[in-house]
Amino acid sequence: MEKYLWAIPLLPLLGAGINGFGALTGALSRRAVYIIGCTVVALSFILACLVNWELAHMGGHGEAARMVSVWFTWISAGSFGVDAALLVDPLSGVMILVITGVGFLIHLYSTGYMAHDPSYARYFAFINLFTFAMLLLVMGENLLVMFMGWEGVGLCSYLLIGFWFTDTEKAYAGKKAFIVNRVGDFGFLLGLFVLYWTLAHSGAEATLSFTGLAELVETSPVSEAAITAVCLLLFVGATGKSAQIPLYVWLPDAMAGPTPVSALIHAATMVTAGVYMVARLNFLYVLSPVAMTVVACVGAATALYAATIGLTQYDIKKVLAYSTVSQLGYMFLAVGLGAFSAGMFHLVTHAFFKACLFLGSGSVIHAMSGEQDIRKMGGLRHKIPYTYWTFLIATVAIAGVFGTSGFMSKDEILAFALAANPEYTLVPGWLLYGIGAVGALLTTFYMFRLVFLTFFGQFRGGEALEHHVHESPWSMVVPLVVLAALSLVGGLLNVPEILHGGERLHHWLSGVVPQTVAKVPIVGHGAELGLMALLQLLIFGTIALAYTMYIKRPDLPAMVAGWLGGVPYKASYNKYYVDEIYDRAIVRPIHSISKVFLWSNVDVKIIDGSVNGVARLLRLLSEGFGRLQTGRISAYAFSILVGMIAILAYVAVK
Amino acid sequence: MFEQILFYFFAIVAVISAVNVVAGKNPIACAISLIVTLGALAGVFVLQDAHFVATIQVLVYAGAIMVLFVFVIMLLNLGPEDLDKEGRFTRLKGVGVLFAMAGAALLIWNFADYSAAMARIGPGYGGLEQISGKLFTEYIIPFEAISVLLMAAVVGAVVIAKREL
Amino acid sequence: MVSTSHLLILSAVLFSLGIAGVVIRRNAIVVMMCIELMLNAVNVSFVAFARQMGGVDGHLIVFFVMAVAAAEAGVGLALVIALFRHKATVNLDEVNLMKG
């Protein structure tokens, strides 16, 4: 099976190439593009299933079950060597299933959603390219191949967010995403450099390959400070890619792209790259409790922070965007606590229900002929039933209602927070649990607010729109149904012990991400179950509260918004003015420095000056030399004479 | 003694006429001065027992080549010209060149050694027999080459000066 | 006693004068005459060394030099005539097609 490892990423690349050719020349019909675009991903999915099947039968219980496929030696510079190689073990096996599986559903959905868009070939070329880059990221055998995928998904994100680039705002959103990502990538690169440098300096044979690093780190004497620095720098990259504080600002703006793009890139796959990276490098992170604590705290803070913003937004996609930021916070909380496989589990379930939610919102927008403001929606549940039911199921999952996949993964994270190991988590676990729990309740509230405002009550969008509301075609509905089903039953992947489950996912991942961090429970078994039940009660209470506020008594939201002088509401509605702060503090100074100093002085005077100066110098020289050629014979004779005397003198003196 | 006086006489005449060749205004005057120089040099040759050379110097150089020069000057009807109009810094250049050459000469003089004794020569030295003996045996190839060269020169001159090609 | 050095000095003087003439003068024919002057200076050198070494090789070289000078004068004057036909001048500074 190793021979076919490279086919998994290369098939979508081939699709991208063909569709790209179609985009440039317009030679491919819509149907051809759809078939090519979806088939390559489907094939990759089948291969991914086969690979995982084989992994399951390799080794003993996931111990050292991995497949490596080296294509060629990429870099060989003295003692530094990097191969272009792919590595598939249970961890990346899970990721490729998610990427190709959910990816295929989204490709299928796109054929319906983009049915009226003239740039269909370009779209499919880009999402195929994205799939390739993402697969490269998770299948990379070493940090450099992963980084290539990392950059590639950033590029594709830019291309797809700014897909409708003729609208300046959308193009600007794409630019913003790329630039903010770049800031994170800079941190990532620095982390790579520091890692390699410290390892090389400690006398070991430094390598960037994951398997090599895992072995190296156990034996070589690298200081904890260096490891902490590396982990934190790499985490900076993760905050950029996975939209955590402080580099999350691009994600809400990224909703300018087509909705399937939001589902694929900004819910299921690209934004999870940071979580994958931390899980992949778990052996590094467990060496630095400081870094782990930072990751956990940033994750928890982001989870709560983004949830507070989601409470007040009116654009259906923006609510989901902030929800994504918040859920990613949970994933980082998990890996920060040392519960790597719990984080991965939440990644998987989140892919299911968030993709379903985004695709559902796309379906709603499609029904509303492009309207995205939920204040103009309402009462849609009778008109677009499939969309309504799948959306509701996914919302129930994200809220963490008992039995759903969201419940299984989120609850596990919260349980781990409560039992955080003080050796690895330097802040009290119960504090993180509290923040996480509050965030979960907020999540429930704003998600159900979204459901109630969109699907219940009276239609507030006007007569004209109401006539056009229609259910989406099968190509859009089928993925919704599949994802909704997965959101419900996906929890069975990893039912926790406390509920007498088999914890299958944990066992699957145990070879790669050993739950090295032992739990240190501070509450007993019974108390834990009790807290779980309490949280469930509170969740249902929140749902009831949302129902009351938005359906029974619609005057309540305005009243609540007015509390405390309307300050909290305004702050939340305006995203805590973070974009404005960034603009004032960072963007404008950079602009003015660039314009005033760097452009007019360095660029024009020094760089242009030296290039023009060279040209001027050459012109002066050639003019000077040109004057030698007068055409007058006597001048030539004179120069012969001068030369002759010079030679004579030279020879004579010698 | 007598030899020395004669040598100095011929040398000074040669130099003065040479100066006139270089600095003379009228081209005819330059040509005549050159003839005088050639004659003086022929005298110097005789003093060095180079009789054959002296003879052909007068016959060929002064007699044929210079006559050709005079022909052409007359043909083109060239009049006297002003040395000052001959471009800028003429006098300066001339003096400069002379100084440069003097410097070069001194430089070479410093490193060269011409103090070897004069060889003893036999009675037929510089005479026709000795010269032709060498010419048609050792130097036969240059001799033939020269004749080819002369033929080429004749053909070239005719072609170049034709009225229509 | 007229030694080789005297003749060499004479040769050097004549040669320098010839070069000065070539550089200074603009009349084509006068320049050619100065070239002849240089050739003669060289002849003097050859004769001097021939006398010092006691052989007639130097004389033979003078012979060849003269032949070459004759050929050169012939062709050169033909060129001057052709030039004069074209431009009605033998001023070398005016024989200049270059611009600027």
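In chain B of this predicted model, 56% of the contacts with a separation of 6 or more join residues 24 or more positions apart. Chain B contains six helices and zero strands, and its pattern along the sequence reads α-α-α-α-α-α. With a radius of gyration of 20 Å, well over the 15 Å that the globule rule gives for 165 residues, chain B is more spread out than a compact globule. The C-alpha trace of chain B extends about 55 × 45 × 30 Å along its principal axes, and 28% of the 165 residues of the chain count as buried.

It is helpful to turn next to the domains of chain B. The domain assignment places domain 1 at residues 1–82 and domain 2 at residues 122–165 of chain B. Between the C-alpha centres of these two domains of chain B lies a distance of 22 Å. Where the domains meet, four residues of domain 1 of chain B are in contact with five residues of domain 2 of chain B. On the domain 1 side, this contact comprises two nonpolar residues, one polar residue and one charged residue.

Chain B also touches chain A: six of its residues are in contact with five residues of chain A. The chain B side of this contact consists of six nonpolar residues, with no polar and no charged ones.

Within chain A, helix H10 (residues 259–268) is a good place to look at burial. Here 10 of the 10 residues are buried, so H10(A) is largely enclosed by the rest of the structure. Among these buried residues are A:Pro260, A:Val261, A:Leu264, A:Ile265 and A:His266. The cover over the buried residues of H10(A) includes helices H3 (90–113), H4 (120–139), H5 (143–161), H9 (250–253), H14 (316–337) and H15 (340–367) of chain A.

Two of these covering helices, H14(A) and H15(A), also pack against each other, at an angle of about 175° and with their axes 9 Å apart. Because of that angle, H14(A) is roughly antiparallel to H15(A). From H14(A), the residues making the contact include A:Ile316, A:Leu320, A:Thr324, A:Gln327, A:Tyr330 and A:Met331, while those from H15(A) include A:Phe340, A:Gly343, A:His346, A:Leu347, A:His350 and A:Phe358. Sorted by class, the contact between H14(A) and H15(A) has 12 nonpolar, six polar and two charged residues. A:Lys317 of H14(A) and A:Lys354 of H15(A) also take part in this contact.

Technical notes
Residues numbered from 1 in each chain as written. Chains lettered and ligands numbered in written order. Predicted model: local features only at pLDDT ≥ 70, side-chain atom pairs only at ≥ 80, totals over all residues. Contact = placed C-beta atoms within 7 Å. Nonpolar A, V, L, I, M, F, W, Y, C, P; charged D, E, K, R; others polar. Buried ≥ 20, exposed ≤ 12 C-beta atoms within 10 Å, placed from the backbone. Helix = DSSP H or I, 4+ residues; strand = E, 2+ residues; numbered from the N terminus. Axes fitted to C-alpha atoms, helices over the stretch in contact; angles between N-to-C directions. Parallel < 35°, antiparallel > 145°, perpendicular 65-115°, else oblique. Domains from an automatic or database assignment. Rg over C-alpha atoms; globule rule 2.2 N^0.38 Å.
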